[in-house]
Amino acid sequence: MTVHFAQLAPLAVIIPFLGAALSLLLLRRNALQRTVAIGSLVLTLAIESLVLVSTWNLGPQAVHLGGWEAPWGIVMVVDQLSSLMLVVSTVVSLAVLVYASGQGVADGDEEGPISIFHPSFLILVAGVSNAFLAGDLFNLYVGFEILLTASYVLMTMGGSVQRIRTGVTYVVVSVISSVLFLITIAMIYAATGTINMADLSVKLEGLPVGTQLQLHLMLLIAFGIKAAVFPLSFWLPDSYPTASAPVTAVFAGLLTKVGVYSIIRTETVLFPGERLDDLLMWVALLTMVVGILGALAQIDIKRMLSFTLISHIGYMIFGVAVGTQEALSATVYYVAHHIVIQTSLFLVAGLIERRGGSTNVDRLAGMAKISPLLALLYLVPALNLGGIPPFSGFLGKTGLLQAGVDQGDGLAYALVAASVAVSLLTLLALIRVWNRVFLRAPEDAEYPDPILLAPVPAGSRFLLTSGAVDDQAGRFAGKGDVRLMSPSMLGGASALVAVGVALTVFAGPLFQLADNAAENLVRPARYVEAVLGPASEPRPVVEEAP
Amino acid sequence: MTVNLTLLVVMGVLYAVGVYLLLERSLTRVLLGLMLLTNGTNLLILHAGGAAGSAPLYDGSTAAEDYSDPLPQALVLTAIVISLAVTAFLLGMIYRSWVLGRRDEIQDDVEDRRVARQSSYDVEDDADVPADTTEFDEAPRRQDPGESLETPGARGIEKWGGKR
C-alpha cells in the first residue's frame with residue numbers, strides 16, 4: 001500500500017489543537033503567543049495543501065484512525081471537496097489572524113481578552129477542520145461542538161452589554177440546533193445500527209420511505225440552522241454584527257459554510273435521491289430574496305453584510321437542490337469564492353469602523369479621500385460579491401444559472417430569474433454604501449463622526465494615530481497613542497482581497513478541481529468504496545445524475 | 001428492538017419540561033430547559049443501543065448478542081462532557097448579564113426595532129457617538145432596585161438600548 005499525503009489529513013485538526021494548548025500556556029507573552037498561533041496555522045496550511053494536491057486527481061481517500069477498520073473505528077475522509085474547503089478555510093483564518101494580531105498590537109493590549117483570543121481562534125479552526133474531515137455523523141457533531149464552543153467564547157469576548165445580549169441568542173440557538181442534530185444521530189443509529197456515513201449511504205436506502213424522510217428532514221433542519229437558510233436564519237443578523245470585526249469576519253466566512261458543507265454531504269452521500277429537491281429549491285428562493293431585502297433596509301454596514309451573507313447562502317442551496325454534476329461543481333466553486341469574499345468584506349468593514357469611527361452609513365462620508373486604499377479594498381470584493389464580470393462571483397453565478405437552465409422546469413427557471421435579480425439587488429445594497437461612505441463629502445453626512453472632519457497631518461495617511469486626530473476623548477480614551485490602521489490589519493485585509501482576485505485569475509484550474517469534486521459527489525459509491533474498501537458483495541448501484 | 005418503558009417515560013417528561021422551560025424569557029429557565037433537553041437526548045441515545053446486556057468486556061464465554069451495545073455509551077459520555085462545557089459557559093454568561101444589568105431576561109434586538117421604525121436617525125439612541133471605553137470597566141447599573149418590579153418587556157427596550 002502506497003502512503004499518500006492524504007494520510008496526513010488528521011494533522012489539520014491536531015496541529016491547531018496543539019497550537020491552542022501552547023498559546024494558552026503563553027498567556028502573558030503576547031508576541032510569542034501570536035507567533036505560535038500564526039506558525040501553527042502556516043504549518044496546517046502547508047499540510048492541507050499537500051493533501052489537496054494528493055486528492056486532486058485521486059478522489060476520496062479514507063484515514064482509519066488508530067488502525068480500526070470502518071465502519072467500527074473513527075474514519076476521516078478527504079476528497080476534493082473537503083480538501084479544498086480545508087485549504088480555503090485555513091487561508092481565510094490565517095488572514096484574519098494576522099488582521100486580529102495587528103488590531104491587538106495597535107491597541108497595545110498587553111493583557112485582557114486578547115490573550116484568550118488566540119487559543120480560542122485556533123480551537124475554532126480545529127473544529128472547522130474536524131467537521132470538514134468527519135467520516136461519521138458523530139464526529140461531525142463533535143466538530144460542530146468544538147467550533148461552536150470556541151465561537152461562543154469569541155462572540156462574547158469582553159463581556160460588554162451588547163455582546164452578552166446577542167451572545168445569549170446565539171448560544172441558545174446553536175445549542176438547540178446541536179441537540180436536534182444529536183437526536184437525529186440517535187434515531188439514525190436506532191434505525192440502522194451505524195453512524196458511519198459511508199455505511200449509512202448503503203443502509204439508509206433499505207429503510208421504509210417514511211423513516212428515511214423523517215431522518216432526512218431532521219438532518220436538514222439541524223444543518224439549516226447552522227447554515228442560516230430562511231426561515232432558520234433569524235439569529236444571524238442579530239448576533240454576528242456585535243462581535244469584534246475579525247471575529248465576525250471569520251464567523252461569516254466559515255461557520256455557515258460548515259453547515260452548507262454538511263447539507264452537501266447529506267444530499268449526496270446520505271440521501272442521494274431527489275426526494276426533497278423541490279423543498280430545497282423553495283428554501284433557496286426564499287433565502288435569496290428575503291435575505292437581500294433585509295440587506296437593503298439596513299443602515300449599518302455590518303448588518304447589511306450579514307443579510308447579504310444569508311442571501312448568498314441561497315445560491316449554494318440552489319446548486320445543491322439542482323444536484324447535477326454541473327450544479328454541484330458551480331456550488332463548490334461558489335462556496336470557496338463566498339468564504340473569501342464575505343470574510344474580506346467584513347474585515348474591510350472593521351477597517352472602516354476603525355478609521356471612520358462607526359459602521360453606520362449616516363455617520364460616514366468621504367472615506368475615499370481619507371483613505372484611497374480602503375476604498376479600493378472595499379470596491380473590489382463588493383463588485384465581486386455583486387457578480388460583476390470578470391470576478392469570481394460572476395463565474396460562480398454563471399455556472400449556477402447554466403445548471404438551473406439545464407434543469408429546465410418551472411421552479412428552476414424561477415430560481416434563475418431570482419438569482420439574477422438578487423445579484424442586482426446585492427450590487428445595489430453594496431454600491432449604495434460605497435456612494436455614501438466613500439464618495440460624498442464629509443460635510444454631507446447626516447451625523448458625521450468627528451474623526452472624519454479632523455484635519456489629517458500631511459504625510460501620515462497610512463500611519464495615522466489616534467493622537468493625530470485627537471480622538472482621545474472617545475474610543476481610545478485611557479490608552480496611549482493608538483495607530484488607527486496598522487500595517488498588519490491592512491495587510492491581512494489586502495491579502496484576502498488579493499486571494500479573492502486570485503480566485504478569478506486561477507478560475508480555470510479551480511473549476512477543474514470543483515468539477516472533479518462534483519464528479520465524485522454525484523457518485524457516492526466512490527466515497528463508500530474509499531471508506532469501506534472495494535465492495536465484496538454487490539452494493540445497490542446509485543443512479544448517476546443525468 | 002426492545003425498549004425500557006421507564007426510561008422512555010422519563011425521556012418524554014424531560015423533553016416536555018425542557019421545551020416548556022425553553023420557551024420562558026428568563027435566562028436561568030432557558031438554561032434549565034437546555035439541560036433537560038440534552039439529558040433527554042442522552043437517554044434517547046441510550047435507547048438506540050437496544051436492551052441492556054452484560055458489560056461489554058470481552059470474556060470469550062458470552063454470546064455476542066448478550067453484550068450491551070458499547071457505542072451509545074461512548075456517544076453519551078461525549079455528549080455529557082460537551083453539555084457540561086456549554087452549561088458552564090451559559091451560567092457564566094447569565095451571571096455576567098446579571099452583573100451588568102441586574103436582569104435575567106432575553107433582551108430584544110434594538111437595531112431591529114430601529115430598522116422597523118425606518119427613521120435613519122434616532123435622537124435618543126444616536127445623540128452621541130458611543131464612547132466605547134474599555135470593556136473591563138465596571139458598567140454602571142442600569143436600573144434602580146425599585147424599578148425591577150415593572151414588567152420587563154415594554155420599557156426594557158429603551159433602557160437596555162439607550163447608550164451611555
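Buried residues make up 22% of the 164 residues in chain B, where buried means that 20 or more other C-beta atoms lie within 10 Å of a residue's own, exposed means 12 or fewer, and partly exposed means in between, with C-beta atoms placed from the backbone. This is a predicted model, in which local features need pLDDT of at least 70 and side-chain atom pairs count only at pLDDT 80 or more, while totals for chains, interfaces and linings use all residues. Residues are numbered from 1 along each chain as its sequence is written, and chains are lettered from A and ligands numbered from 1 in the order in which they are written.

**Exercise 1.** State how many helices and strands chain B has, and describe helix α2 of chain B.

Solution. Step 1: chain B has six helices and zero strands; helices (H or I, at least four residues) and strands (E, at least two) are DSSP runs numbered from the N terminus. The pattern along the sequence of chain B is α-α-α-α-α-α.

Step 2: α2(B) covers residues 27-48, which is 22 residues. From first C-alpha to last it reaches 31 Å, close to the 32 Å expected at 1.5 Å a residue, the expected span being 1.5 Å times one less than the number of residues.

Step 3: 16 of the 22 residues of α2(B) are buried, so the helix is largely enclosed by the rest of the structure. Just after α2(B), Gly50(B) takes a positive phi of about 85°.

**Exercise 2.** Work out how helix α5 of chain A and helix α3 of chain B are arranged.

Solution. Step 1: two packed helices are described by the angle between their axes and the distance between the axes. The axes of α5(A) (residues 137-155) and α3(B) (residues 70-101) come within 11 Å and cross at roughly 10°. Axes are lines fitted to C-alpha atoms, for helices over the stretch in contact, and angles run from 0 to 180 degrees between N-to-C directions.

Step 2: α5(A) and α3(B) are therefore roughly parallel to each other (angles under 35 degrees count as roughly parallel, over 145 as roughly antiparallel, 65 to 115 as roughly perpendicular and the rest as oblique).

Step 3: among the residues making the contact are Phe138(A) and Val142(A) of α5(A), and Leu75(B) and Ile82(B) of α3(B). Residues are in contact if their C-beta atoms, placed from the backbone, lie within 7 Å.

**Exercise 3.** Do the same for helices α12 and α17 of chain A.

Solution. Step 1: the axes of α12(A) (residues 301-322) and α17(A) come within 11 Å and cross at roughly 160°. The two helices α12(A) and α17(A) are therefore roughly antiparallel to each other.

Step 2: residues of α12(A) including Ile301(A), Thr308(A) and Tyr315(A) meet residues of α17(A) including Ala412(A), Ser419(A) and Thr426(A).

**Exercise 4.** Classify Phe438(A) and Leu453(A) as buried or exposed, fully or partly.

Solution. Step 1: Phe438(A) is in α17(A), residues 410-439. With 22 C-beta neighbours inside 10 Å, Phe438(A) counts as buried. Residues up to four places away in sequence aside, Phe438(A) touches Met367(A), Ala368(A), Ala375(A) and Tyr378(A).

Step 2: Leu453(A) lies in helix α18 of chain A, residues 450-453. With 13 C-beta neighbours inside 10 Å, Leu453(A) counts as partly exposed. Under that exclusion of residues up to four places away in sequence, Leu453(A) touches Pro442(A) and Pro448(A).

Key:
Two residues are in contact if their C-beta atoms, placed from the backbone, lie within 7 Å.
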